[in-house]
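Visitor: I'm new to this one. Could you pick a single part and take a close look at it with me?

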Amino acid sequence: MNGTDEAAAERKDMAAQDWPPNIQAVFKRMAPASRYLGLEIIAADQTARTVEVAFNAGPELCNMWGGIQGGMVAAMLDDVMSLAVGLDLEWGQISPTLELKVSMLNAARPGRIIGRGRVIKRGRSVGFIEGELLTEDGTLLATGSSTATFVTLKKKEKSAEA
C-alpha cells in the first residue's frame, strides 16, 4: 500500500469510529481550506461540547517575516470553533459563522499548533463559541470568539427529464 492509500484507509477507520456526525464528515471529506491549514482531529467531547485539534502549519502559511499570517491564524480559530459548535448538529445541518473576533497574543510559527474550542452557549438558532491556539509547550498564541447560526440544508431535487 502506498502513502496515499494508507492515508485514505486511516481516514476511513477514523470516520467509522463513534465520532459525532460533524467530525465524521471531516474524516470522510475534509474541506480544502482545513487540509491547507494542516487540520488533525485529536479529541471531541459531544457532552461537554469541546474539541481539540492540531494544525500542522507549514511555511506556505507564513508572511514574509516567517510568522504565520494573521488571516491563517483566524482561519484556524474559525475551524476549531466551528467544529465545537457543530458537535450536536444532525446530518444535513451546518453552522455558518456570523461573527468572528481574534486576539493575536504571540507570533505563531510553522509547526504543530494545538487548537481548543468550546461552546459557551447554544440556543435554538445561534451559538456562542470560544477558541484558543497554543504551541505544543503551552504558550498561548491567539484567542477567539465567534457567533454561529444553524442552517438545515435542503436536499436537491432531481429534475425530471423530458
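Guide: Happy to, and one yardstick first: a residue is called buried under 20% relative accessible area, exposed over 50%, and partly exposed in between (1.4 Å probe, protein chains only). What you see is a predicted model, where local features need pLDDT of at least 70 and side-chain atom pairs pLDDT 80 or more, while totals for chains, interfaces and linings use all residues. Numbering starts from 1 along each chain as its sequence is written, and side-chain values use heavy atoms, leaving out hydrogens and water.

Let's look at the strands E5, E6 and E7 and the charged side chains around them. Strands (E, at least two residues) and helices (H or I, at least four) are DSSP runs numbered from the N terminus. Start with E5, which covers residues 111–122, and E6, which covers 126–135: they run antiparallel to each other, joined over 9 bridges. Strands count as paired if DSSP finds at least two bridges between them. With 3 residues between them, E5 and E6 make a hairpin.

Now carry on to E7, residues 140–149. E6 pairs with E7 as well, again in the antiparallel sense and over 9 bridges. E6 and E7 also form a hairpin, this one with 4 residues between the strands, and there you'll find Gly-138 with a positive phi near 100°.

A nice residue to stop at is Glu-132. On one side, Glu-132 in E6 is the bridge partner of Arg-116; it also stands opposite Thr-143 in E7. The side chains of Arg-116 and Glu-132 meet too, in a salt bridge of 3.5 Å from N to O. Because Arg-116 belongs to strand E5 and Glu-132 to strand E6, this contact ties together parts 16 residues apart in sequence. By salt bridge I mean a side-chain nitrogen of Lys or Arg within 4 Å of a carboxyl oxygen of Asp or Glu. The two partners have unlike surroundings: Arg-116 is partly exposed, at 34% relative accessible area, whereas Glu-132 is buried, at 17%.

Slide along to another charged pair, Arg-112 and Glu-136, whose closest N and O atoms are 3.2 Å apart in a salt bridge. Arg-112 sits in strand E5 and Glu-136 in the loop between E6 and E7, so here the link joins parts 24 residues apart in sequence. Glu-136 is exposed, at 57% relative accessibility, and Arg-112 is partly exposed, at 29%. This pair has company, too: Glu-40 joins Arg-112 and Glu-136 in a network of salt bridges.

How many salt bridges are there altogether? The count comes to 6. Before we finish, take a quick look at one from elsewhere in the chain: Arg-49 bonds this way with Asp-88, with 2.8 Å between the closest N and O atoms. Arg-49 is in the loop between strand E1 (39–45) and strand E2 (50–57), and Asp-88 is in the loop between helix H4 (70–85) and E3, so the pair ties together parts 39 residues apart in sequence. Arg-49 is partly exposed, with 28% relative accessibility, and Asp-88 is partly exposed as well, with 23%.
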